[in-house]
Amino acid sequence: MADINQGSVLPSETSPPALDGLNATDSNGTDAVNATVAKFVATPEGTALAYGSLVFMALLPIFFGALRSVSCGKSKVAGENGCDYEYRNSSDMPETITGRDAARFPIIASCTLFGLYLFFKIFSQEYINLLLSMYFFVLGILALAHTMSPFMNRIFPANIPIKQYQLLFTQGSGETKEEMVNYEFDTKDMICLVISTVVGVWYILKKHWIANNLFGLAFALNGVELLHLNNISTGCILLGGLFVYDVFWVFGTNVMVTVAKSFEAPIKLVFPQDLLEKGLGASQFAMLGLGDIVIPGNLKKNTRTYFHTSFLAYIFGLGLTIWVMHTFKHAQPALLYLVPACIGFPLVVALLKGELTEMFSPAHVSASSPEVVNI
C-alpha cells in the first residue's frame with residue numbers, strides 16, 4: 001500500500017511470502033508522530049529520490065531474475081548460453097506453479113496472515129520478531145549467496161584453486177540408507193556464504209536499511225528466478241486472487257496493517273526520504289513490499305515482445321500507484337494497479353498480433369530460441 005502522509009503513516013500491509021505495498025515509515029516501523037511530536041515532511045527532492053530509487057530497485061530483480069531464469073534453465077550445465085552456474089542442488093531447482101496452486105495461494109496467504117495477526121495479539125511482539133529475525137537471517141544468507149554466485153564465478157581469480165565440498169546427511173544404514181541432505185559447493189560458494197553472513201550479522205545487529213535492501217533484493221531476484229508459471233492462465237489466476245486478497249485485507253479489515261506494524265523482517269525494499277538531510281543515518285523511509293515485485297514479475301511470456309510489454313506494464317502500474325498516492329494522499333494497495341497493468345498490457349499486444357490463443361497455451365521453452373535467451 002502507498003501512503004503520502006509523511007511521518008504519520010502506517011506500515012504497508014504484509015502477506016506471508018512478502019510485504020506488499022508502497023509506504024513511508026520510520027526506522028522502527030512505528031508511527032512517526034504523536035500528539036506532541038511534529039510530523040516529518042519530506043522535501044520534494046527527498047520524496048522524488050526515495051520513490052525513484054524504489055522503482056529502480058524493483059526493476060532490478062525483475063529484469064535480472066527473468067534473465068537468469070530463461071538463460072539458465074534447470075536442464076542447463078555450466079557454460080551453456082552464457083550461463084556460468086548450474087542448479088546443483090534440488091533446493092535450487094525452479095518451482096512450477098500450477099493453476100491449482102495459484103487458486104489456493106490467496107486462501108493460504110489469508111490463513112497465514114490471520115494466524116500472524118492472532119500471534120501478535122496473544123504473544124509478545126518482541127519474542128515473535130526475534131524468532132522471525134533468526135529465520136530470515138538464515139534464509140537471507142542463503143538467498144544472497146545464491147544471488148552472488150554467478151558474479152563470483154566471473155570475478156574469481158583463475159590462479160586460485162577451487163576445492164569441491166559436499167554436505168551429506170543420511171538416515172539408516174546399508175540398503176535402508178536414505179539421503180536427507182546432499183548439498184555440493186565449492187570455494188567460490190564458501191566466499192559468497194562468508195560475505196552473506198557478514199551482511200546478515202550487520203542486519204541483525206543494526207537493522208540498517210542497506211542490509212535490509214541487500215537481503216530484500218536477493219529474496220526478490222530468487223523469487224522471480226526460481227518460481228515458474230506453467231502458463232499465462234495460471235499467472236492470471238494468481239494475480240486475480242491476490243488482487244482480491246490485497247484489497248480485502250487492506251480496506252475490509254485492520255488485520256493487514258496490524259501485522260505490518262508488528263512485523264520486522266527484510267521482506268521489503270526501503271529508501272530514506274531524509275537521505276539528503278541525514279545521510280546514511282536517515283530514519284524516514286518509503287518502502288515497497290517484495291510481494292509487489294515477485295508476483296507481477298513472474299507473469300512473463302518467454303519472448304522478447306511480451307517480456308518487454310510486461311516490463312513496461314510494471315513500470316506503468318507502479319508509477320500509477322505513486323501518482324494516486326500523491327494525488328489522493330491516502331494509502332493504496334500496489335496490486336490494485338499492478339495487476340490490471342501487468343495483465344492488460346500483454347493481452348492488448350496479443351490481441352493486436354492475433355496471438356491471444358497462443359499466449360494462453362502452455363509455454364514450451366527452447367534453448368535454441370533467440371527470443372528466449374536474448375531478453
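**A guided tour of the helices and salt bridges**

Begin by selecting residues 48-67, where the chain is 100% helix and 0% strand, and where the end C-alpha atoms lie 28 Å apart. What you have open is a predicted model, and the stretch just selected is among those that UniProt, in an unreviewed entry, lists as "transmembrane region". The same record gives that feature to further stretches, including 102-120, 211-229 and 334-352.

Select residues 334-352 next: here the chain is 95% helix and 0% strand, with 27 Å between the end C-alpha atoms.

Now show the whole protein, whose secondary structure amounts to 13 helices and 7 strands. Of its 375 residues, 50% count as buried, and carbon and sulfur atoms make up 65% of an accessible surface of about 18000 Å².

Turn then to the charged side chains, for which the count is 4 salt bridges. Select Glu225 and Arg68, whose side chains form one of them at 3.3 Å, N to O. Glu225 belongs to helix α5 (residues 209-226) and Arg68 to helix α1 (residues 44-71), so this pair ties together parts that are 157 residues apart in sequence. Are these two residues, Glu225 and Arg68, buried or exposed? Both Glu225 and Arg68 are buried.

Move on to Asp274 and Lys278, whose side chains meet in a salt bridge at 3.8 Å, N to O; Asp274 is buried, its relative accessible area being 1%.

Finish at Glu355 and Lys353, a salt bridge in which the closest N and O atoms are 3.8 Å apart, and where Lys353, at 41% relative accessibility, counts as partly exposed.

How values were computed. Residues are numbered from 1 along each chain as its sequence is written. This is a predicted model: local features need pLDDT of at least 70, side-chain atom pairs count only at pLDDT 80 or more; totals for chains, interfaces and linings use all residues. Side-chain values use heavy atoms; hydrogens and water are left out. Helices (H or I, at least four residues) and strands (E, at least two) are DSSP runs, numbered from the N terminus. Buried means under 20% relative accessible area, exposed over 50%, partly exposed in between (1.4 Å probe, protein chains only). Accessible areas come from the Shrake-Rupley method with a 1.4 Å probe; for residues, only the protein chains shown count as cover. UniProt positions are given in the numbering used here, feature names are shortened, and annotations may be inferred rather than shown by experiment.
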